[in-house]
Amino acid sequence: MAHHVLLVAGARPNFIKVAPVLRALDARGTFRVTLVHTGQHYDEAMSGGFFRTLGIPEPDVNLSVGSASHAVQTARIMERFEPVIESERPACIVVFGDVNSTAACALVAAKLLVPIVHVEAGLRSFDRTMPEEINRIVTDALSGLLLTSEPAGRRNLLAEGRPEAAIVDIGNVMIDSLEHMRAQMEALEPGRHHGLARGRYGVVTLHRPSNVDDPTVLQGVLQCLERCAADVPLLFPVHPRTRARIDALGLSLGSALRLVDPVDYIESLALQAGAAVVFTDSGGIQEEASHLDVPCLTLRPNTERPITVELGTSTLVGNDPVAIEQAFLAILAGSYKKASPIPLWDGHAAERAAAAIEGWLDSAASDRPFDPDTAAGRHDTRAREALGVQRAGRTSKPR
Ligand code: UD1
């Protein structure tokens, strides 16, 4: 019997994570999948273009919630998602990452007693001023199967008292998408579009409230980036929320800091791959830059993705202009970290996710206990050893 699984996507980073999981579920031939788009992101550049580039089919359901305050957006998603769950009655829902759509749909499913799988579980910045941290905590608390992308995920979940049997280390599905698109990424010469020479430019992305909502902070960061751009031209694809804040500042910026509209997924990867340095506050870009071995200055005081600092190329510089500029000058002078391979970031995370979901649902259907080691499949034995993962007895099954 095919398991009916409902996947939820809402915002740009979700789409990159959904694509490989959808493919892996289809490849097993044991799932019937319903894809729900909440409509949290809706612009062509933030949504439609990503669906096409990533080969994601039209969603079965689009909740078309659009933008609003956190409470209104979350409430709207919940209101519109509830009837979908009631009519579809899936065996489980699968939610991704830490956006409002993730937490909103998990809340609805939990109250209708539909089991929840969280892809990218256990990440914690320990900074509750971030809306995403609240979403992570809520989603993990409600999820029965917790699929982690890096060792910190397992550590944090165990520290919160979650049982070993609920956690499977699958690795990073975002890296699956990158590897899937590698040939297209390498074929694209970003300089052709923007007049930039490979290795002689930087890329900037900023959208976190902590960097863009306070005009003084935003102005300080922009002026700092302008000074950096005097040494190396910086291309800055501007997120819509950041664009609105920059327009409101009314700053006149020099031409070396090039503000452009959001770029599509392959262009974003290609721009990073060819860059001398990346400045970002995005979680996904910390991961992509680390995987591509490109120096990454993370304009945050903390990260929920510590592996990108430990083994990747990310350095936390916060949003103090002096610290940002010093770190940038050090990179120009040749002083930066080289990336080491990150366990399970091998392009096969989604296959492990699909195997784990199937094992988990099978165990519920047959009333057998779920064994995460078996469910995780055959790809990761060596990586597990590298991670030093050891397990005790396990007895959980989907509620
Ligand atoms: C959301 C996620 C964030 C993620 C980011 C990636 C939450 C709490 N935040 O932040 O974790 O890193 O997506 O982009 O879920 N807008 C448009 N067009 C769109 C979408 C948004 O113009 O298609 C504008 C609207 O003015 C909106 C603003 O961007 O008010 C913010 O959008 P929203 O989805 O609320 O949050 P993001 O900042 O995108």
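Which residues around the ligand come nearest?

**View 1. The residues nearest the ligand in the predicted model.** In this predicted model, the ligand has 20 residues around it. His-41, Asn-100, Glu-132, His-207 and Arg-241 come nearest. Three of these names, Asn-100, His-207 and Arg-241, return in the next view.

**View 2. Polar atoms facing oxygen atoms of the ligand.** Asn-100 takes part through its backbone, where an N or O atom lies 2.8 Å from a ligand oxygen. His-207 uses its side chain instead: an N or O atom there is 2.8 Å from an oxygen atom of the ligand. For Arg-241, a polar side-chain atom lies 2.9 Å from an oxygen atom of the ligand. The protein buries 84% of the 740 Å² that the ligand exposes when taken alone.

**View 3. The pocket and the makeup of the shell.** The ligand sits in the largest pocket. Sorted by class, the shell around the ligand contains nine polar residues, six charged residues and five nonpolar residues.

**View 4. Helices and domains that supply the shell.** At least two shell residues come from each of helix 1 (12-28), helix 3 (70-88), helix 5 (131-142) and helix 12 (240-249). Both domain 1 (3-171 + 345-387) and domain 2 (180-332) contribute to the shell around the ligand, with at least three residues from each.

Technical notes. Residues are numbered from 1 along each chain as its sequence is written. This is a predicted model: local features need pLDDT of at least 70, side-chain atom pairs count only at pLDDT 80 or more; totals for chains, interfaces and linings use all residues. Side-chain values use heavy atoms; hydrogens and water are left out. A residue is near a molecule or strand if one of its heavy atoms lies within 4 Å of it. A polar contact is a pair of N or O atoms within 3.5 Å; within protein, one must be able to donate a hydrogen and the other to accept it, and residues adjacent in sequence count only if both atoms are side-chain atoms. Accessible areas come from the Shrake-Rupley method with a 1.4 Å probe; for residues, only the protein chains shown count as cover. On a 1 Å grid over the protein atoms alone, a cavity is a set of points where a 1.4 Å probe fits but cannot get out, and a pocket is an open set with protein on both sides within 12 Å along at least five of seven lines; lining residues have an atom within 4 Å of a point. A molecule sits in a cavity or pocket if more than half of its atoms lie within 2 Å of its grid points. Helices (H or I, at least four residues) and strands (E, at least two) are DSSP runs, numbered from the N terminus. Ala, Val, Leu, Ile, Met, Phe, Trp, Tyr, Cys and Pro count as nonpolar, Asp, Glu, Lys and Arg as charged, and the others, Gly among them, as polar. Domain bounds come from an automatic or database domain assignment.
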